[in-house]
Amino acid sequence: MAAKRILDEMEPDQDLRRIGKSFRPRSFISSIIGEAFLGNSLQNICTALEPMLRRVVNEEVERKLVHGARSLTWSSSMRIQMLEPSNLQLVFGKNLSLPIFTGAKIGDAENNPLQLFIVDKSGDEAVHTTLPYQIQVEIVVLNGDFSHGELVNSTTWSMEEFNNSIVKERKGKRPLLIGDLLVNMRNGFAVVGDIEFTDNSSWVRGKMFRLGARVVPSSCHGVRILEAFTEPFAVKDHRGELYKKHHPPMLNDYVWRLEKISKDGAFHKRLASKHINTVQEFLKLFSVDPPKLRRILGAGMSQKKWEAVIKHARTCIMGNKVYIFHGSHFTVTLNPICQVVKAIINGQIYANNQELSSINQANVKNLVREAYINWGSLEEADDLLSETALLAQAGEQCPNHQLRPFQQLDEYLPDKTMDIVNYSDVGSSNWQTNSTYHVDSGIGYYIMDSTVDGDLAHSS
């Protein structure tokens, strides 16, 4: 039995037998060499990976610290310490620049970075104020229908009400708002850095967002400061930015930049078929023959849409260019949308609206019609230069005539109007008489209900 125990102890371990009968223990020297080689390889690998590992670890630690800090500062225990109500409130300095698209930087109405202030509402009017210490403010997204007593008439709301209205990103999406979301406020003033939306607002209740700003509780020393919020607004996908409307439109803008006229839509195609491609061409025809423009747009252009597109077009920036139409006994100066602003007829100067309205309307209407049709051949000039040339020309034609300068009106197409009545027939019997047309910075003359659309085709 003793011999058997000795033999058993000399046999390889059962686990080693399972590995295979060919197992042979390594020599001591081989083990030392293998371990040394392995250690050297690990050292080389670690040396190579060290910079990358440091960067990854730093980023992860920073992310966790930021997340942890936000969770800590907005914990319920911290909120209990806040004093309510308060006379202090954060406010945005100006309204936002609209429209807002995903991926686009958010700025104020003057395309400057957003600004935040602290105001004191204890008096009859809110006034800017400061704090003796720096505070930290977080920018958040709110539901567009966030309200407390209709906000306009409300003087306070709870932090809980505000926080419950914060909108988070959709599941599986990036953070809804990215950029410089934490800003430091000193002396009651802060500038918000670059921020932008990553998703549109079509999926939320009301399809509108607000921007909000709240003070990080750990930085306000227990003083309750009401949150700031903007007016509701929609966020559109950046694809729509290519087709956005211009406010105000420019004369050379494509006509689909106007409200209610979609790019490649029915109205756009109808206008293009009549060679009306720009805002200037649209307004020229509106000045000369509004009924014809309405007919081109078709029955789909309701009265409400018509008023909206005309209202938008009327905000167009006119610039200082004028167009001069010369004849043997006349010189007519028109603004870029074919409205008469000055005229010399038989040596007599008509340099303002009152004087222009005293001219034989049939003659002037005919001149405007001819100028519209031959627009491409008119002389283009700067308004101030043309004024000098007009006065000089008038002096040559009528040296004893007292010149009265033209007074440019302050606003393009204002509500104040002048009626021009009792038009007589001009050259044909199919022009409607006794028409009424409203005028503005120039005298507009339009020709009603021509039986042939081609009568008013013009050269561009």
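This text walks through a predicted model, from its nonpolar cores to a sheet and one buried aspartate.

Start with the packing. In soluble globular proteins, nonpolar side chains tend to be buried together. The largest nonpolar core here holds 44 residues. Leu-258, Ile-261, Leu-271, Phe-282, Leu-293, Val-332 and Leu-334 touch the most other members. Both helices and strands feed this core. Helix 6 (266-273), helix 7 (279-288), helix 8 (290-297), helix 9 (303-313) and helix 11 (361-373) are among the elements that each supply at least two residues. Strand 13 (321-326), strand 14 (330-334) and strand 15 (340-345) do so as well. Helix 7 gives the largest share, 6 residues.

Phe-282 shows how this packing looks from one side chain. Residues up to four places away in sequence are set aside here. Phe-282 then touches Val-255, Leu-258, Ile-261, Leu-271, Ile-276 and Leu-293. Its contacts also include Val-309, Ile-310 and Ala-313.

A second core is separate from this one and counts 34 residues. Its members include Leu-88, Phe-92, Ile-106 and Ile-139.

Now the cysteines. A search of the whole structure finds 0 disulfides. Cys-220 is buried, at a relative accessible area of 1%. Cys-338 is also buried, with a value of 1%.

Next, the sheet. Strands of a sheet pair through backbone hydrogen bonds, either parallel or antiparallel. In this open sheet, 4 strands follow the order 7-5-10-11, and the pairing is antiparallel. Strand 7 (182-185) and strand 11 (228-229) stand at the edges. Each has a single partner strand, so one side of each lacks a neighbour in the sheet. Strand 5 (residues 135-143) and strand 10 (residues 209-215) are joined by 7 bridges and run antiparallel. One residue pair makes the register concrete: Val-140 has Gly-212 as its bridge partner in strand 10.

Finally, move to the loop that leads into strand 10. Asp-199 lies in this loop, which follows strand 9 (195-197). Is Asp-199 buried or exposed? Its relative accessible area is 6%, under the 20% limit, so Asp-199 counts as buried. What does its side chain meet there? A polar contact of 2.8 Å links the side chains of Asp-199 and Arg-170. Another, at 3.3 Å, runs from the Asp-199 side chain to that of Trp-203. Leaving aside neighbours within four places in sequence, Asp-199 is in contact with Thr-102, Arg-170, Lys-173, Leu-176, Phe-209 and Val-235. Arg-170 thus appears both in that contact list and as a polar partner of Asp-199.

Methods
Residues are numbered from 1 along each chain as its sequence is written. This is a predicted model: local features need pLDDT of at least 70, side-chain atom pairs count only at pLDDT 80 or more; totals for chains, interfaces and linings use all residues. Side-chain values use heavy atoms; hydrogens and water are left out. A nonpolar core is a set of buried Ala, Val, Leu, Ile, Met, Phe, Trp, Tyr and Cys residues joined through side-chain atoms within 4.5 Å. Buried means under 20% relative accessible area, exposed over 50%, partly exposed in between (1.4 Å probe, protein chains only). Contact means heavy atoms within 4.5 Å. A disulfide is a pair of cysteine sulfur atoms within 2.5 Å. Two strands pair if DSSP finds at least two bridges between them. A polar contact is a pair of N or O atoms within 3.5 Å; within protein, one must be able to donate a hydrogen and the other to accept it, and residues adjacent in sequence count only if both atoms are side-chain atoms.
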